[in-house]
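Okay, thanks for squeezing me in, everyone. I'll put the model up and then walk through the parts I liked.

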Amino acid sequence: MMAERSPFSLSLLPSLRHKLRPNTQWQLFLISHSPELRPALRVGLGLGIPGTALLLTERSDLLAYAVFGSVVGMYGRDPRRLQRLKDQLLGAALMLCAGICGIAVAPLGLHGWTLLAGGIFWAVLSSVVADRHGVKPGGAFFPLFAFGALGTLPVGETIAIDGLIAFVATALFSILLGQMARFGPAAEHGIKTLPIPWPNIGQRAATYLVVILVAGSIGIFLHAEHLQWTMAGAAVPLAAGNARGRIKRGAHRIAGTLAGIAVLLGLQLLEPSELVIGCCIILLMFPTEAYMVRNYGLALSFFTPLIILMLQLANPVIGIQMVWDCAMGNLLGVIVGIIVAAIIERRPRLQYSSGVVG
């Protein structure tokens with residue numbers, strides 16, 4: 001005969017279940033997010049280790065270069081190691097070429113039409129390469145923004161060699177981490193992708209050219225101080241293949257940017273030291289990558305303060321003006337991107353094989 005349970009043991013069951021419930025919920029969270037958490041951990045380490053080294057050597061001003069180098073870790077989510085290496089090398093080639101070009105021309109003090117011309121060049125080239133080879137994240141956002149951000153940093157009359165070293169070293173370290181890791185691919189949310197024929201590749205590249213040209217020209221006419229925000233904002237909606245998708249993506253961009261600015265302003269009220277700001281930048285990279293595929297708007301709420309904080313460390317003079325330029329530049333770019341793309345591409349495009357991120 002089965003032994004009867006004592007009233008004492010029965011009384012412990014509800015409290016035991018209550019204690020185990022949070023742990024069970026946490027396990028369910030990890031299971032549902034594991035496809036994004038694994039690459040995010042890789043990207044986080046790709047910035048965390050070089051970033052910590054910069055903080056320990058009191059070179060927090062170089063974090064901006066390290067951040068863009070660590071973006072290379074976002075490329076290459078294929079579970080096959082050789083394919084992952086190929087994807088990361090293609091992504092690294094785009095990021096390194098655009099970033100190094102920006103670093104090289106930074107002493108010239110790029111602004112206005114010259115900055116716009118450079119941004120258009122890298123947007124078009126990145127779009128063609130990403131679509132032709134199926135690079136993920138797709139689109140032109142990261143190379144375009146790397147060129148614009150690094151090309152407008154105040155470095156004086158000489159090239160920032162230390163920044164160049166930090167940028168390239170972090171990118172190479174991210175590739176190494178990508179080959180050492182045994183992470184599976186991130187979950188693909190959306191329509192099954194198809195190979196892109198050359199006419200469609202050319203059409204999308206031409207759309208990037210026109211959209212960024214129009215948005216940048218309006219920004220120059222309005223005397224936008226940081227034109228790179230306008231160009232980046234204009235490029236974001238183009239990752240979607242139809243008008244509804246562009247509006248949704250643009251709304252995510254604006255909402256995520258505003259939420260990120262709110263987080264940034266709250267952090268600045270605490271008047272953190274450079275060391276604390278540097279640690280925040282490193283920590284913000286992990287949720288940025290973790291939600292980049294799952295929820296673009298939420299990812300931007302982390303990415304926006306990360307970018308502004310790193311630029312403020314590189315150039316403390318910009319202050320609150322950068323926050324205003326970020327908000328207005330993104331708003332202008334997104335609106336122009338949605339409207340102009342709708343005029344140019346009246347028929348919906350097929351879903352691109354390069355994905356929808358970027």
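So, to start us off: how many helices and how many strands are there in the chain? There are 12 helices and zero strands, and read from the N terminus the order is just α-α-α-α-α-α-α-α-α-α-α-α. Keep in mind that this is a predicted model.

Some overall figures. The chain has 358 residues, and 51% of them count as buried. If you take the contacts with a separation of 6 or more, 85% are between residues 24 or more positions apart. About 16,900 Å² is exposed, with carbon and sulfur atoms supplying 70% of that.

Now, the record. An unreviewed UniProt entry lists "transmembrane region" for residues 89-106, 112-130, 142-175, 205-224, 300-321 and 327-344. I checked a couple of those against the model. Residues 89-106 come out as 94% helix and 0% strand, with the end C-alpha atoms 25 Å apart. For residues 327-344 we get 100% helix and 0% strand, and there the end C-alpha atoms are 26 Å apart.

On to the inside. The largest nonpolar core has 65 residues, and the members touching the most other members are Tyr65, Phe68, Phe142, Ile281, Ile307 and Met310. Which helix gives the most to this core? That's H11, residues 296-314, with 11 residues. Apart from this core there's another one, of 24 residues, including Leu144, Tyr208, Ile212 and Val336.

Let me stay with Phe142 for a second. Leaving out residues up to four places away in sequence, Phe142 touches Val71, Met74, Tyr75, Met95, Pro137, Met292 and Phe303.

Phe142 is also in H5, and that helix is my favourite bit. Of the 11 residues in H5, 11 are buried. The list includes Phe141, Pro143, Phe145, Phe147 and Gly148.

What about rings? Searching the whole structure turns up seven aromatic pairs. One of them is Phe141 with Phe145, a stacked pair at 5.7 Å centre to centre and 10 degrees between the planes. Those two both sit in H5, four residues apart, so about one turn of the helix. Both are buried, too. Zoom out a little and ring pairs link Phe68, Phe141, Phe142, Phe145, Trp229 and Phe303 into a cluster.

Last one, and it's a charge on a ring: the charged end of Arg249 sits over the ring of Tyr296, 3.9 Å from the ring centre.

That's me done. Happy to go back to any of these views.

Terms used: Residues numbered from 1 in each chain as written. Predicted model: local features only at pLDDT ≥ 70, side-chain atom pairs only at ≥ 80, totals over all residues. Heavy atoms only, no water. Core = buried A, V, L, I, M, F, W, Y, C linked by side-chain atoms within 4.5 Å. Buried < 20%, exposed > 50% of the residue type's maximum accessible area, 1.4 Å probe, protein only. Contact = heavy atoms within 4.5 Å. Phe/Tyr/Trp six-rings, centres within 6.5 Å; stacked < 30°, edge-to-face > 60°. Lys NZ or Arg CZ within 6 Å of the ring centre and 35° of its normal. UniProt positions renumbered as here; feature names shortened; annotations may be inferred. Areas by Shrake-Rupley, 256 points an atom, 1.4 Å probe, with all protein chains shown as cover.
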